[in-house]
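The exercises below concern strand pairing and the relation between copies of a chain. Each task is followed by a solution that goes step by step.

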4 protein chains.
Amino acid sequence: MERIRIGIIGAGRIGRLHAENLTYYIPEATVVAIADVAPQAAEECAHDLEIPRAFEGPTPIFEDRNVEAVLICSSTDTHASLIEQAAEAGKHIFCEKPIALDIPAIDRSLAAVERAGVLLQIGFNRRFDPNFRRAHELVAAGKIGKPHVLRITSRDPEPPPLEYVKVSGGLFLDMMIHDFDMARYLMADEVEEVYAAGAVLVDPRIGDLGDVDTAAVTLRFRSGAIGVIDNSRRAIYGYDQRAEVFGEKGTITVSNPKSNTAVLSDSSGDSGPPLYHFFTDRYTEAYIAEMAAFIGSIKGGKTPPVTGRDGKIPVVMGYAAKRSYEEHRPVRLTEIDPGLAL
Amino acid sequence: MERIRIGIIGAGRIGRLHAENLTYYIPEATVVAIADVAPQAAEECAHDLEIPRAFEGPTPIFEDRNVEAVLICSSTDTHASLIEQAAEAGKHIFCEKPIALDIPAIDRSLAAVERAGVLLQIGFNRRFDPNFRRAHELVAAGKIGKPHVLRITSRDPEPPPLEYVKVSGGLFLDMMIHDFDMARYLMADEVEEVYAAGAVLVDPRIGDLGDVDTAAVTLRFRSGAIGVIDNSRRAIYGYDQRAEVFGEKGTITVSNPKSNTAVLSDSSGDSGPPLYHFFTDRYTEAYIAEMAAFIGSIKGGKTPPVTGRDGKIPVVMGYAAKRSYEEHRPVRLTEIDPGLAL
Amino acid sequence: MERIRIGIIGAGRIGRLHAENLTYYIPEATVVAIADVAPQAAEECAHDLEIPRAFEGPTPIFEDRNVEAVLICSSTDTHASLIEQAAEAGKHIFCEKPIALDIPAIDRSLAAVERAGVLLQIGFNRRFDPNFRRAHELVAAGKIGKPHVLRITSRDPEPPPLEYVKVSGGLFLDMMIHDFDMARYLMADEVEEVYAAGAVLVDPRIGDLGDVDTAAVTLRFRSGAIGVIDNSRRAIYGYDQRAEVFGEKGTITVSNPKSNTAVLSDSSGDSGPPLYHFFTDRYTEAYIAEMAAFIGSIKGGKTPPVTGRDGKIPVVMGYAAKRSYEEHRPVRLTEIDPGLAL
Amino acid sequence: MERIRIGIIGAGRIGRLHAENLTYYIPEATVVAIADVAPQAAEECAHDLEIPRAFEGPTPIFEDRNVEAVLICSSTDTHASLIEQAAEAGKHIFCEKPIALDIPAIDRSLAAVERAGVLLQIGFNRRFDPNFRRAHELVAAGKIGKPHVLRITSRDPEPPPLEYVKVSGGLFLDMMIHDFDMARYLMADEVEEVYAAGAVLVDPRIGDLGDVDTAAVTLRFRSGAIGVIDNSRRAIYGYDQRAEVFGEKGTITVSNPKSNTAVLSDSSGDSGPPLYHFFTDRYTEAYIAEMAAFIGSIKGGKTPPVTGRDGKIPVVMGYAAKRSYEEHRPVRLTEIDPGLAL
């Protein structure tokens, strides 16, 4: 079996997670190099996982003719430029979300990918979660007929560090972006307009930075269907991710998976296991399936399941939601990116 | 035990339901008269339930000094006027929702009640459902701290007859009005602004009448909390009423009760009992508890648990939602009723 | 509507419960007399429920030609004799379980019923629980094909008073008797042999009285199917009654109903409502349906759903289980009552 | 990191499963050789997983001084002898259950392990299932106080091939053996006596071979607690494994995990995902955790979590259950193995 040779750019939490998953769970791939602006992080990861080479910058990876594909796991502001470089070097690309917070930059990077003819997959890992995937399949199989209403709830156990809030683009662009993607995935439909309500209820310092920590967004789909997404930066009971698609023939609900099925009933009532508290625990299977899908696309020479366009539209939706919140009115996606009208 | 003597105005489905509940389940009350514009309906009900007297119009009930309280279960357009007459006759009043679709008429009837010093309870039966009530109690007991997000889903098994849609005021005023009341009940907070999205996805004839059959409304509470309500006129799987209140210390979810706990697992998977299909089955206990609360308020001489103001505000919310939908923008409740600003 | 006139013998907890249910929930019946060895209890109940007459002994009830049916709710040792007297007086009979702890006495009373041609229903209330009834219906409808394995768990919140343990016949005859009836009801099959394991784990004083407080009994059905029943006198978390019927085409599980569906999720996990703690709460609906079935049988002139034979066999099973426990070996029911071999 | 070098004897389904798990999920170990009586099976597995060497017989593995531990995954009749040989060669041993169907042979192999001072772990994989493990931990933490009643249900989707039934020792020794181990694991107690009821309800050919396909066994624990286990060879709805431990302070139930949380509600009711149909799907995590525990025991030089004694006692229990079924009476374990009295 010829293994796909992978280079990883970024040895932080998510880069290392992908490196581990490729090493242990994806026999069809092998990680041959890893780079990080903090060379120690790259070296440590290379040592632990027996990756042959570690670098400070991405250039040696792009120049290595044996590397067939790269994973871009560096900070968001570097994604678009690295996609362009990787495409020019003829590498297939897996890039963490979001591609960029700057829409023209996204367009430039997607154009580079197009020109180079390489494959690009964006890291919306939740599509690979077996629970959401099952809902997607049931909708796609027509089990509920035409979808009418989508509901998504998404809550994090803790707000991110304030330093991150400053540069992340805010809740609509760094957190709800996952739900915007999920909305498109579950409904197999495009959103035309959003209306966002937001509030600062968790931590006033988040408000001081101009962001919100609690929000509800109404989506208007092309088909006429309606969606509602609610987000909170802090759910004390754990990492909470649920969805429902309601349609003419029924409804599909996806609840939170638990770590085990043991329930204790005592004098204070029933108590089951708590929710997962870390996204890496909640989405363990999803992250592996995501890598398997990327490697499978390369081996099969077929379009990856999360395309560049899938990476762009949620950013547009995030900006539309942000503007809706700021201007206190519904906002059409074409106001943000007139090109979407096509 | 001295029983509270009740006269019922309206012997249709809901009037008869209350008559049965008072007769069989509320020993502290006795139904002494029933009236209906269709005298046969009143007589039939009187015969079946051994109610001593049946009338065509309400006047004899108002004039009967032995009648202490009346239930107004006639068509909506008669409610406000009957409340005024009953108040002037010195009767305590239970009135089905809504008080009226005309806000000045509501105000006039509430003023008459105020002048007469009688008790008035409005028929928001869902507050008496043990499931929603438990959620209300847990929120009130501070179990989730300060509420941040409210979610309500409410779907009927079938759209009402088109004749009813014509006069009902539409989805926001005849169906979502229950959810507007539930929002105030669960959150113990007032709504300041709403944003409504609506669609015609179930039956185009509903759209031809200027109404919607599918809707999602965002609520902005005084406290800063956010709510989302979604409604559909047709859920093929039954009468679906759920809610969630999420707050700083946890979340409370209320799911649909089922008629039994037997689950069959066979080669096609697990299957439990379907949802209830009729609101009278879903809210059997609630309707009894509602009457018990009304009779208890009279006996104790205390304010009923659902006041005239509780009857008015959801109508204002319904108009605000309707305007929001029509004008495609968020609408403050004070635009509909400036008096609410106080 | 002509109401069935009922006399009640015994105004203790269960007699009063039936009196209330007949008064409030069964319009087809009316309680015309109540008797109790403690005349005050009968009078109090008569006063509260507006029952016309109260007596110290049952004779006036038997002599009253207007009384069509009696409920025997007195202490167990009086049941068989009262059944005989009631039958001779031509009254239809509802008798609480067990008919007697003496099998010849049971046989004599059933013979008297047979001779008199009156209807007799035994008070196995759990057959009328909507959860167990649904399981029974699904089995009867062939949904799981031929039944292979039955499992019943039945646990009380607290042991009964020691005074009661002394005279009750012990766990196998006063507690598990309900499960023996349930086994026959769910399986629509007869048990041929039992094997009982017992232990004293809850309260040593129960052991001092020669009884057990924890037990598991294996049932061998005529069809070859196998059943297991486990009992405990004390489940700290509430009144726990579950069952499962497994067969060639699937399995049906019945879990405990809860008082509401509200679930709180907080930092200590999920917690739903506790189980009911009193059998009258757990079986509220069942007790009403039981009375409705009795009255319906009288009105329709048809065999009641729980016959005298249904009342006798669980007593035989109780004695067989007791002997099995004492002699540490499987015991056939025909060892206790050779007549069952027919 | 120095990896533990493993040789695997047996390249059938379970041997290959362990080989894959060690290769992909256990970085601390490396498979260096695999042997099978069918040399092609060994070679194919070696090729697919890049295992350096493949053999027809186990001898080269025992002779290889670099091999530190062996997995015995061959047919049951070879286990005891291979354990002796491996122990004499100084290898640590993981052996699939059962050690043998012959108790003196078990004793001889355990004595050999004792003499050699090597570590031995028996393959009761279900102990490593996160659901059952959580129940074990809750019991061990005293959450339910002293255990009173244990219930285990264990059903396979399909009977094994009749050829296997002939040599497997029968249901009590090849299927219920897992539940006997689970009983000891969950209760942290020893069983003194069993009573077995059995039936042939699934396939008469199983009965023709002298075996049963449906059974319920009552366990009497040293502490006085009681257990009931029910087994069926065919559950049409999937692989069904549940347990409950009830005690003085509460109860712990373990239900079946599902592959996802998506539930479809439509006009025919609710339907969730079916149970797993293969033990390798149901126990995916457990098999990996089992290997991790074995490797961890070797690295830490500590007693493995499932000892030789843990491997022997369920075999004794299986023989006791078989004798109980055949002789139709309760059987003490010391009747089978007097040495257990110590």
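**Exercise 1.** In this predicted model, determine how many bridges join strand 1 of chain A to strand 4 of chain A, and in which direction the two strands run.

*Solution.* Strand 1, which covers residues 4-9 of chain A, is joined to strand 4, residues 69-72 of chain A, by four bridges, and the two run parallel. As one example of this pairing, Ile6(A) has Ala69(A) as its bridge partner in strand 4 of chain A.

**Exercise 2.** Place this pair within its sheet in chain A, and state which strands stand at the edges.

*Solution.* The sheet of chain A is open and consists of six strands, paired in parallel and ordered 3-2-1-4-5-6. Strand 3 (53-55) and strand 6 (120-122) of chain A stand at the edges with a single partner strand each, so one side of each has no neighbour in the sheet. From one strand to the next, the twist averages 20 degrees. Helix 4 of chain A, residues 76-88, lies across strands 1, 4, 5 (92-95) and 6 of chain A, and runs at about 165 degrees to strand 5 of chain A.

**Exercise 3.** Find the operation that superposes chain B on chain D, and name the residue of chain B whose C-alpha is nearest the axis.

*Solution.* Chain B is superposed on chain D, with an RMSD of 0.0 Å, by a rotation of 180 degrees with 0.0 Å of shift along its axis. The two copies are therefore related as by a two-fold rotation axis. The C-alpha of chain B nearest this axis belongs to Ser271(B), at 2.5 Å from it. Both copies use the same surface, since 100% of the contact residues of chain B recur in chain D.

How values were computed
Residues numbered from 1 in each chain as written. Chains lettered and ligands numbered in written order. Predicted model: local features only at pLDDT ≥ 70, side-chain atom pairs only at ≥ 80, totals over all residues. Heavy atoms only, no water. Least-squares fit on C-alpha atoms with pLDDT ≥ 70 in both. Contact = heavy atoms within 4.5 Å. Pairing = 2+ DSSP bridges. Axes fitted to C-alpha atoms, helices over the stretch in contact; angles between N-to-C directions.
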